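Got your viewer open and a selection box ready? Follow along stop by stop, and pick each residue range as it comes up.

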Amino acid sequence: MHKPIKYAEKGLTLAADAGFRVFDFLNRFNQRPSFTPAWADKPLLKSHEKVKPPLGWPRETDSLCPKCVREARQEILDGKRDYKILLNEKVGEIKATIIERDGKIMMVKDCPVHGHFEDVMAIDTAFFKHLEESFPGSDMRAHNDEKLHNPGSSTIKYGRGSVLTIDLTNRCNMMCDPCFMDANQVGFVHELGWDDIKTLLDNAISIKPKRQMSVQFSGGEPTISPYFLDAVRYARKVGYNSVQAATNGIEFAKSADFAQAAADAGLRYAYLQFDGIGNAANSHRLVGNLFDVKLRAIENLHNAGVDIVPVITILNGINNEQVGRVVQFALDNPKKINFLSFQPVSFTGRDEEITDERRHAQRYTLSHLAHDVKDQTGIGEPVRDWFPISFMGTFTDSADYVHGPQADWGQLNCGCHPNCGVGMAVMID
Ligand code: SF4
C-alpha cells in the first residue's frame, strides 16, 4: 500500500503527460518557419522534421566482420591493397540482426568467410527499449563538408559529431593492458606535427553546422607531445570552448606548474584515466602507486582551475565492483569532480585478439552499468533515470533558439545512436 501522496503524484504525472501530448499535437498546425542561424546554411529543425534510424527488435543493421576488417587493415599496411578501398568498397561490411534471446538483447551475424559472431548488447530489454524511445532524432544534415566527411559508407550524414579527438602521439609514459590504442607497442612512432594539428582544427571549423564540439587531445599520452600546450591554446583561440586532454595524469601529478601552464593555455577538462579506488584497483596497469598519482594529479589540476572527469574503463568481472566506490568518491569530492565517464571496455588495440571466452566474460554493456550503479549505490532506476546521450539535444535545441540567428556558434549536439551511450545526472547538495 503506497502513501496517498504517491497516488496524487502519479495522477499529476499522467495529467502532465496528457497535457503535453495535446499541446504537442496542436503545436503542429500553423507553425512559423525556423530561422537559419549564422552558423549553418539550413534552418533549425522542428522536432517532427528530425529523422530517426530504424529502432526496436528484431531488426537488421549494418555491421562489420571483425576478422575481415583486421585482414584488410594488414593488407593495406603491407602495401598489398590501396587504402582507397576504404572509400570505395564496403570493406568487411556484413549484415547483423538484433534479437531478443533469454531476456537479453543480442547482436548476431555471419560472415561468409569467417563464420558466426554474436555478442550481448543489453541484459535488460526494458532498459534498451527505454533508451531507444528517448532518442529525440538527428541534427540537421551536415553541409559544406564534402571534402572532410568522406570515409566511405561510414560517412557522417547528420550534424557534425560532438567530439573531435586528435591523437597527438602514440607514445605514452605507461604500458597498460587494456590500451585501445596499443600505445608504445606497434613498432613505430606516429606523432602529429604543428601543421597537422592546426590543419585538423581549421578544417573542423569549416564544417556546417558550426556547432561547438569537445576537442579532445588524446594519444598515447597527449601531454608528452611537444605541441600539447600550443594545441590547447590554438583550439581555444579558434573558438572551441570545451578543450580536453584524455590523460593518465602522470605529467600533471609530477608538476603543479605544468597543470597551471595547461590551465593558462585554456585546458578546460582533464579526462582522467581512473580505474577504481585505491592502488590495488589500479594495479593491473602495472604502476604500483597509480591511485596516489591520480590523487596528486586531481589536486594539481583542481588548484590550477581545470575541471576533472574521471574516466573509468569497466571490464566485467575485473573492476565493475568499483562502480559504487567511484560514484561515492565523486559524491565525496563535489568541488573537484565535475562528472564521471564510465566507458565499457572496447576490445580494440592491444585487446583485439582476445578469445571469444574472455570477450563474452568481460563484455560490459550500458545496461550492466545502470544496474551496477543501482545495486552498489541505491541511486537511479535504470528505466527511469537513464537517458541516451543524444537526449541532451532537446536542451541544445532550446539554447539555439534562445541564442537567436546571430549567434556565431551552435551549441554542442550529440546525435549519436541511442544504443551508443547513456547518461544519468545526480544532483549533489
Ligand atoms: S595510459 Fe592510456 S594510452 Fe597510455 S598505455 Fe595506458 S591506456 Fe594506453
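Two strands pair if DSSP finds at least two bridges between them. Keep that rule in mind for the strand stops below. One more thing before you start clicking: this is a predicted model.

**Stop 1: strands 8 and 9**

Select residues 269-273, which are strand 8, along with strand 9; the two run parallel and are joined by 5 bridges. To find the register, show glutamine 273 and look across to valine 311 in strand 9, which stands opposite. Now add residues 290-304: this is helix 9, and together with strand 8 and strand 9 it makes a right-handed β-α-β unit.

Colour strand 9 (residues 307-314) by accessibility. How many of its 8 residues are buried? The count is 7, so call this strand mostly covered, with buried meaning under 20% relative accessible area.

**Stop 2: on to strand 10**

From strand 9, go to residues 341-344. That is strand 10, and it pairs with strand 9 in the parallel sense over 4 bridges. For a landmark, put isoleucine 312 and phenylalanine 342 of strand 10 on screen, as they stand opposite each other. Add helix 10 (residues 323-332) and you have another β-α-β unit with strand 9 and strand 10, again right-handed.

**Stop 3: back to strand 7**

Go the other way now, to residues 242-247, strand 7. Strand 7 and strand 8 pair in the parallel sense over 4 bridges, and threonine 247 stands opposite leucine 272 in strand 8.

Is strand 7 enclosed or open? 6 of its 6 residues are buried, so strand 7 is largely enclosed by the rest of the structure. Turn on the side chains to see both sides: Ser242, Gln244 and Ala246 point one way, while Val243, Ala245 and Thr247 point the other way, and all are buried.

With strand 6, strand 7 shares 4 bridges, and the two run parallel. Valine 215 has valine 243 in strand 7 as its bridge partner. Trace the backbone here: the chain leaves strand 6, passes through helix 6 and arrives at strand 7, a right-handed β-α-β crossover.

**Stop 4: the connecting helix**

Select helix 6, residues 228-237, and pick out its buried residues: Phe228, Ala231, Val232, Tyr234 and Ala235. Look straight down the axis of helix 6, and these buried residues fall within an arc of 165°, so they line one face of the helix. The spacing makes sense in general terms: an α-helix has 3.6 residues a turn, so residues three or four places apart point the same way.

What covers the buried residues of helix 6? The cover includes helix 5 (194-206), strand 6 (214-218), strand 7, helix 7 (250-254) and helix 8 (256-265). Just after helix 6, click glycine 239, where phi is positive, near 120°.

While helix 8 is on screen, label alanine 261, which is found there. At 26% relative accessibility, alanine 261 counts as partly exposed. Try the distance tool from alanine 261 to phenylalanine 135: the C-alpha atoms are separated by 40 Å, with the two positions 126 residues apart along the chain.

**Stop 5: a pocket and a cavity**

Next, the second largest pocket, with a volume of about 990 Å³. It is lined by 21 residues, and the closest to its centre are Phe20, Asp24, Ser47, His48 and Thr394. Helix 1 (4-26) and helix 14 (393-403) each supply at least two residues of the lining. Which helix gives the largest share of the lining? That is helix 1, with 5 residues.

For closed space, there is 1 cavity of 30 Å³ or more. The largest cavity has a volume of about 70 Å³. To frame it, select Leu44, Leu45, Lys50, Asp139, Met140, Arg211, Asp397, Asp400 and Tyr401, which line it.

**Last stop: asparagine 419**

Finish in the loop between helix 14 and strand 12 (422-423), where asparagine 419 is found. Asparagine 419 is partly exposed, with a relative accessible area of 22%. Leaving aside residues up to four places away in sequence, asparagine 419 touches Arg59, Met121, Phe128, Glu132 and Leu366. For a final distance, pair asparagine 419 with leucine 14: they are 405 residues apart in sequence and 28 Å apart in space, C-alpha to C-alpha.

Terms used
Residues numbered from 1 in each chain as written. Predicted model: local features only at pLDDT ≥ 70, side-chain atom pairs only at ≥ 80, totals over all residues. Heavy atoms only, no water. Buried < 20%, exposed > 50% of the residue type's maximum accessible area, 1.4 Å probe, protein only. Arc of directions from axis to C-beta. Contact = heavy atoms within 4.5 Å. Right-handed = clockwise from strand over helix to strand, strands pointing away. 1 Å grid on protein atoms, 1.4 Å probe; cavity = no way out; pocket = protein on both sides within 12 Å on 5 of 7 lines; lining within 4 Å. Points joined across faces, edges and corners; volume = space filled by probe spheres on them.
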